[in-house]
Amino acid sequence: MTVIKLPDDCETMIEVRAGVDQIDRELVALLARRFGYMDAAARIKTDRNSVRDEARKAEVLDNVARAAEAAGLEPARLRAVWNELVEQSIAYEAIKWDALRR
């Protein structure tokens, strides 16, 4: 079993890549859970027009920007990443909403 080192402890690119690969696996697992909430939203929402909620999207992006800043990351960069995530989540939820009502 490969021991994943923290970034500051890495001395080789093999170690860096192993760490990145591990984080990617963890992110995929978290995204699967997040999309599970999109499944729940599609099931719960009774109006397809409520799938896209611009006020909620703005709230999510603002929350991420604040969290990014607190973590020492660039808020604008994380906001851009999350904007894509939210748009993909909305598209996914719309497809699920439609499929549940056919």
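## Close-up views of helices H1, H2 and H3

**View 1. Tyr37 counts as exposed, because its relative accessibility is 53%.** The cut-offs used throughout are over 50% relative accessible area for exposed, under 20% for buried and anything in between for partly exposed, with a 1.4 Å probe and protein chains only. Tyr37 sits in helix H1; helices (H or I, at least four residues) and strands (E, at least two) are DSSP runs, numbered from the N terminus. Gly72 is 35 residues away along the chain from Tyr37, and their C-alpha atoms are separated by 28 Å. A word on the model: it is predicted, so local features need pLDDT of at least 70 and side-chain atom pairs count only at pLDDT 80 or more, while totals for chains, interfaces and linings use all residues. Residues are numbered from 1 along each chain as its sequence is written, and side-chain values use heavy atoms, with hydrogens and water left out.

**View 2. Helix H1 agrees with its expected span.** The expected value is 1.5 Å times one less than the number of residues. H1 has 32 residues and should therefore span 46 Å, and its end C-alpha atoms are indeed 46 Å apart. Look along H1 for its buried residues: Ala18, Gly19, Phe35, Met38, Ala40, Ala41 and Ala42. These pack against H3.

**View 3. Helix H3 covers residues 75-100.** From the first C-alpha to the last, its 26 residues reach 36 Å, close to the expected 38 Å. The buried set in H3 is Leu78, Leu85, Val86, Ser89, Ile90, Glu93, Ala94 and Trp97. Their packing partners are helix H1 (13-44) and helix H2 (54-70). When following such a set by eye, recall that an α-helix has 3.6 residues a turn, so residues three or four places apart point the same way.

**View 4. Ser89 and Glu93 are two of the buried residues of H3.** Ser89 counts as buried because its relative accessibility is 2%. Setting aside neighbours within four places in sequence, Ser89 is in contact (heavy atoms within 4.5 Å) with Arg34, Phe35 and Met38. Glu93 also lies in helix H3, and its 3% relative accessibility is why it counts as buried. With neighbours within four places again left aside, the contacts of Glu93 are Met38, Ala41, Ala42, Lys45 and Val51. Met38 thus appears in the contacts of Ser89 and in those of Glu93.

**View 5. Phe35 and Tyr92 form an edge-to-face aromatic pair.** Rings of Phe, Tyr and Trp (its six-membered ring) pair if their centres lie within 6.5 Å; planes under 30 degrees apart are stacked, over 60 edge-to-face and the rest tilted. Here the centres are 4.9 Å apart, with 80° between the planes. The count by this rule is one aromatic pair. Phe35 belongs to helix H1 and Tyr92 to helix H3, so the pair ties together parts that are 57 residues apart in sequence. Tyr92 counts as partly exposed, because its relative accessibility is 26%.

**View 6. H2 and H3 pack at an angle of about 145°.** Their axes are 8 Å apart; axes are lines fitted to C-alpha atoms, for helices over the stretch in contact, and angles run from 0 to 180 degrees between N-to-C directions. Lys57, Val60, Leu61, Asp62, Val64, Ala65, Ala68 and Glu69 make the contact from H2, while Pro75, Leu78, Arg79, Trp82, Asn83, Val86 and Glu87 make it from H3. By class, this contact has nine nonpolar, one polar and five charged residues (nonpolar: Ala, Val, Leu, Ile, Met, Phe, Trp, Tyr, Cys and Pro; charged: Asp, Glu, Lys and Arg; polar: the others, Gly among them).
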